[in-house]
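Visitor: I have a few short questions about this one. Can we go through it together?
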Amino acid sequence: MPDIAWEAPYCGEGSACFRIGTDAAGNAYIAVAGAEDHYVTDTREALRTLIRDIKAGKADHLLKD
């Protein structure tokens with residue numbers, strides 16, 4: 001496993017907590033808090049784009065009931 005510097009968990013209501021981390025090679029990681037050994041990884045730029053797109057509402061259709 002790479003040496004990942006994890007941020008504090010981001011938690012919604014209930015137990016939906018995620019962690020974001022980075023490593024020295026410039027990679028970014030997302031994992032469910034408590035299961036950091038099972039992560040999704042990509043570049044920091046890809047993570048930056050994902051966060052910007054979510055903030056811009058581009059994923060809002062996933063939240064409709």
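Guide: This is a predicted model. One place to begin is the side chain of Glu36, which reaches the backbone nitrogen of Gly34 at 3.1 Å.

Visitor: Where does Glu36 sit in the chain?

Guide: Glu36 lies in the loop between strand E4 (27-32) and strand E5 (39-43).

Visitor: And is Glu36 buried or exposed?

Guide: Glu36 has a relative accessible area of 15%, so it counts as buried, the cut-off being under 20%.

Visitor: What share of the protein chain is buried?

Guide: Of the 65 residues in the protein chain, 15% are buried.

Visitor: Back up a bit. Which helices and strands are there?

Guide: The protein chain has five strands and one helix. In sequence order the pattern reads β-β-β-β-β-α.

Visitor: What does the C-alpha trace span?

Guide: Along the principal axes of the protein chain, the C-alpha trace spans about 40 × 25 × 15 Å.

Visitor: On to the surface. What area does the protein chain expose, and how much of it comes from carbon and sulfur atoms?

Guide: The exposed area is about 5,000 Å², with carbon and sulfur atoms supplying 55% of it.

Visitor: How many charges are there, and how far apart are their mean positions?

Guide: The protein chain carries 7 positive and 11 negative charges. The mean positions of the two groups are 8 Å apart.

Visitor: Last one, on contacts. Of those between residues at least 6 apart in sequence, what share joins residues at least 24 apart?

Guide: In the protein chain that share is 18%.

Note on methods:
Residues are numbered from 1 along each chain as its sequence is written. This is a predicted model: local features need pLDDT of at least 70, side-chain atom pairs count only at pLDDT 80 or more; totals for chains, interfaces and linings use all residues. Side-chain values use heavy atoms; hydrogens and water are left out. Helices (H or I, at least four residues) and strands (E, at least two) are DSSP runs, numbered from the N terminus. Buried means under 20% relative accessible area, exposed over 50%, partly exposed in between (1.4 Å probe, protein chains only). Contact means heavy atoms within 4.5 Å. Accessible areas come from the Shrake-Rupley method with a 1.4 Å probe; for residues, only the protein chains shown count as cover. Lys and Arg count as positive and Asp and Glu as negative; His and the chain ends are not counted. The place of a charge is taken as NZ of Lys, CZ of Arg, CG of Asp or CD of Glu. A polar contact is a pair of N or O atoms within 3.5 Å; within protein, one must be able to donate a hydrogen and the other to accept it, and residues adjacent in sequence count only if both atoms are side-chain atoms.
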